[in-house]
Amino acid sequence: MTVERKPLLAFGPAEVVARPTQTPRDLPRLAKPGAGRQGERLTPQFRDLAAAFEAERARLSADTPEEIDPALVVVFDLAGSIKDFRNAINRIDGLEFLSELLGDQSDPDDDFHMTEREAGRTDKRVTHSLYLVMSNTKAIDELLRLFAQWQADPSASFEHGLGKFKTAFQQLTAIRRWGAEDRIRETGLRERWEETLSMVGQSVSTVLVEVELWHRRDAAQRAAAEAHVEEVITSSAGRVLDRSQIGEIEYHALLAELPIQQVQSVLTNGASAIRLLTTDDVMFVSPFTPMSVAPGTLEPVAQTQLARSDRIEGKPRIALLDGLPFTNHDALQGRLSIDDPDEIGENYPVAARHHGTAMASLIIHGDLTDGGPPLDRPLYVRPILQPHESMPGHEQVVPNRLLTDVLHRAIRRIVKGEGNQPAAAPSVRVVNLSIGAQTRALTRRMSPVGRLLDWLAHSYNLLFVVSAGNHTDEFTIPAAAAHDTEAARLAAMRAGFETALLRGILPPGDALNALTVGATHSDGLGEIEVPDTVWDITHPDAPAHYGSVGPGVDRSVKPDLHHSGGRALYTRPIVLPGQTDVAVGLAHTAATGPGLQVAAPGRGGATNSTVFTNGTSNATALVTREASRLFDLLESDNRDPEDAPLPDPQYHPLLVRALLAHASSWGAWENSLRNDLGLNGQDARRQLTALLGYGRLDLSRLGEAASNRAVLVAGGQIARNERHTYGFPLPPSLRAKAEWHRFTITLAFMAPTVGQLTRYRSAKVYFSTPDTTLAGGDRTDAEHNAVRRGSLQHEIVQGTRSMSFVDGDAFPIHVECMDDAQRLRAGNTIRYALVVSAETAEQTSNTIHDEVRDRLRLRARERARDRIRP
């Protein structure tokens, strides 16, 4: 019996009804102190805050004869959170809501703790939310009035729109100013500056920082704030190099150069030692280090025999934002559409064109070792890297420019045009970003560049394929494990697990609406001989040790999937007597492999040189290549006229994203990691989800069905509190058989976002928990809470229990939409794509696809008859 490849099938129209109301879950509740106790706790804090305003007024009055009412940023530290609290804040004259951040968790105490209906008080930690508010003295006086009113009579009604303040006073754990330490606490500035001084000492005179300002509602206030911050920077002998405002994502930032003396002051005397970090207009100050990539080697020795191509005609579907490729390479000649409005190429020697050449090679050809067919469309390339100023062969993101602004401008030029110029490549549907920020992994909020990608994807209906990022520093294993390869493999895996928090997803890989790609330890080179000085300490096809791991923002699933990134070998350490631990670092294998074979600039004008590389960038480029293949499949018009048409092209970017995730799973990873890492209990699945995402992409399952597997797709737009129900026809050959079978359901949607809020998604779309009883199986792979936290939900139900149903029954999938961070306005809808498959072993049934197709056709004929009946 042989599995025959089969085409995708389309669901018919969904049944649309109102989303059923759900009984609220009995979740742990926050116990709060009474009004009297809150008065004891908070009255001194209110007094301190009022005194701070008076001190600031006095300071400002010394510089001007006019009395000035200062504006300071106030932090409301609340246990839990309050939905729509920002609306109440903005109703008080003199208060302006700025942002919400996830606060630290606190141990329970007599004032604030969690309770459960049956168990009573628990020892669970209390989550906090920080509400950042710009305030003046008049507004603080009004807050004090409301606080006193609430203490006098907690049941008294506040004025219209201010009722949320009663809840806030109940949950308020602290009220204070936003301080210097807050501005650097989660940016890694102090750590980076310590590293800078230890490495270069006095050999540098300046450092670069990204200064993110509070995004004020009023344009005049934004201009005044920017002017003030610039004055602060220049008064300390610094200068502003770049500036950006993107209102759609509440982004306002300056790129500044500071003298090294500022670094020394902070490290010696604390964050408040420099004026920039005490300026109320400033939200965060981050170290700015443009992403730099090093070539695997400057001496490529491998070669390719690809025939040079005539110019490929047609409209580009994929945009590569990266370094400038070597356009005359045999693998790339005639296949690129270069758009270089900044004229980066004028000072970009061929010998430095490594990363863009490699990424273009992988997107167009895949791993050159495999010899796959090239793409039949030109690849649009916008260079955003340039040669490094001081390191030969290295490339870096354009320095002296804010990356968020560079990407914003690049995408708008592609889609909308720039100035009087028309759109540069409006046919582009997929954007490959195999670059990222090196300075900051995931923190308590979405990165600015992550927010940008989420907004651009939603606004322009684009699929961003983004690398999770690489962490290539040495790691440590016990010296005893260094004498045996298998022991070293296990030790390396455990070292990676223990340092997972330090290997977080790098922006913009944190974006919810992007497909974030991690790397597996695999390539097409096969077995090779390696010298005794290096060793392979990663299990074949396992997640690569160099790859970033999740979770994403709000504990969402990241990276979304893993794909071949190229095998990485490590230098075998020399163990000295008495050593307990040894450091293990990456070996250089670019000239001989292993790794993915890619085009490279050659010496002496050679146009056929190649090298072997590894990294999540490679995996991302290969996934982008597969995305293009899926678009070809969805756009083909050779379907059987009896089958329903595939979803409209407006759903294709989401459908491609869903299909890529749909072909991914943990496979053997789960049991292997549970054993090797000693994971057990309910928490193991959550920990594995952060490491594995949705698993490894299986190309044999991508975009196709099979005789023993039916794959159905749909696309739609759903409104607030709607339910769209799709019925997957149950194949009779699965009925009453206690044999292995699997249902896989994947949903992707374009999440509208609110950049100022911790919850971030404006609304959420999800499918309700699959009916595991009807499916005769159990959920596997990713943890059930994590899968609903992003904008890509992927669940697998498999088992061997017999399924009880009658011919004509369907497996229901309920797609629902509800508010999340805010109310989805009437008339607004959210675009989504759905992929569902059912399969069994080939030996059990080889007719699953045909059975499902026949029932879909029967269903369509019945609908047609119903429409024409009088």
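**Exercise 1. Enclosed space**

How much space lies in the second largest cavity? Find the volume, then list the residues around it.

*Solution.* The model is predicted. Step one: search the whole structure, which gives seven cavities of 30 Å³ or more. Step two: take the second largest cavity, with about 80 Å³ of space. Step three: read off its lining. Leu98, Ser99, Trp214, Met283, Gly755 and Gln756 are among the lining residues. The charged residues in the lining include Glu212, Glu250, Arg445 and Arg451. His215 also lines this cavity.

**Exercise 2. An open pocket**

Which element supplies the largest share of the lining of the second largest pocket? Start from the volume and work outward from the centre.

*Solution.* Step one: the second largest pocket has a volume of about 830 Å³. Step two: look at its centre. The lining holds 34 residues, and Pro70, Ala71, Leu72, Asp280 and Asp281 are the closest to the centre. Step three: sort the lining by element. At least two residues each come from helix H1 (35–61), strand E6 (95–102), strand E9 (128–135), helix H5 (180–184) and helix H7 (219–235). Step four: pick the top contributor. H7 gives the largest share, four residues.

**Exercise 3. A buried arginine without a partner**

What does the side chain of arginine 503 reach? Place the residue, check for a salt bridge, then look for backbone oxygens.

*Solution.* Step one: locate arginine 503 in the loop between helix H12 (485–498) and strand E25 (515–520). Step two: test for a salt bridge. Arginine 503 is buried, but has none. The nearest side chain of opposite charge belongs to aspartate 473, 9.8 Å away. A salt bridge needs nitrogen and oxygen within 4 Å, so aspartate 473 does not qualify. Step three: turn to the backbone. The arginine 503 side chain reaches the backbone oxygen of glycine 547 at 2.8 Å. That side chain also reaches the backbone oxygen of glycine 496, at 3.0 Å. Step four: list the surroundings. Leaving out residues up to four places away in sequence, arginine 503 touches His471, Gly496, Phe497, His545, Gly547, Ser548 and Val549.

**Exercise 4. Salt bridges, one pair at a time**

How many salt bridges does the structure hold? Then take three arginines and judge whether each is buried or partly exposed.

*Solution.* The structure holds 60 salt bridges.

- Arginine 190 pairs with glutamate 181 at 2.8 Å, N to O. Arginine 190 has 23% relative accessibility, so the residue counts as partly exposed. Glutamate 181, at 40%, is partly exposed too.
- Arginine 275 pairs with glutamate 231 at 3.0 Å, N to O. This pair links distant parts of the chain, 44 residues apart. Arginine 275 sits in the loop between helix H8 (260–269) and strand E14 (282–287), while glutamate 231 is in helix H7. Arginine 275 is partly exposed at 41%, and glutamate 231 is partly exposed at 34%.
- Arginine 382 pairs with aspartate 342, with the closest N and O atoms 3.2 Å apart. Here the partners are 40 residues apart: arginine 382 in strand E19 (residues 379–383), aspartate 342 in the loop between E18 and H9. Arginine 382 is buried because its relative accessible area is 1%, under the 20% limit. Aspartate 342 is partly exposed at 35%.

Final step: widen the view around the last pair. Arg382 and Asp342 belong to a network of salt bridges with Asp339, Arg409, Arg413 and Glu418.

**Exercise 5. Backbone exceptions**

Where do glutamate 343 and asparagine 461 lie? Also, which peptide bonds to proline 551 and proline 559 should be marked cis?

*Solution.* Step one: check phi. Glutamate 343 is not a glycine, yet has a positive phi of about 55 degrees. Asparagine 461 also has a positive phi, near 55 degrees. Step two: place both residues. Glutamate 343 lies in the loop between strand E18 (336–338) and helix H9 (355–365). Asparagine 461 lies in the loop between helix H11 (448–460) and strand E23 (463–467). Step three: add accessibility. Glutamate 343 is partly exposed at 48%, whereas asparagine 461 is buried at 12%.

Step four: check omega. The bond from glycine 550 to proline 551 is cis, with omega near 10 degrees. The bond from lysine 558 to proline 559 is cis, with omega near -10 degrees. Step five: place the prolines. Proline 551 is in the loop between strand E26 (534–535) and strand E27 (561–564). Proline 559 is in the loop between E26 and E27.

Technical notes:
Residues numbered from 1 in each chain as written. Predicted model: local features only at pLDDT ≥ 70, side-chain atom pairs only at ≥ 80, totals over all residues. Heavy atoms only, no water. Buried < 20%, exposed > 50% of the residue type's maximum accessible area, 1.4 Å probe, protein only. Polar contact = N/O pair within 3.5 Å; in protein donor to acceptor, adjacent residues only side chain to side chain. Contact = heavy atoms within 4.5 Å. 1 Å grid on protein atoms, 1.4 Å probe; cavity = no way out; pocket = protein on both sides within 12 Å on 5 of 7 lines; lining within 4 Å. Points joined across faces, edges and corners; volume = space filled by probe spheres on them.
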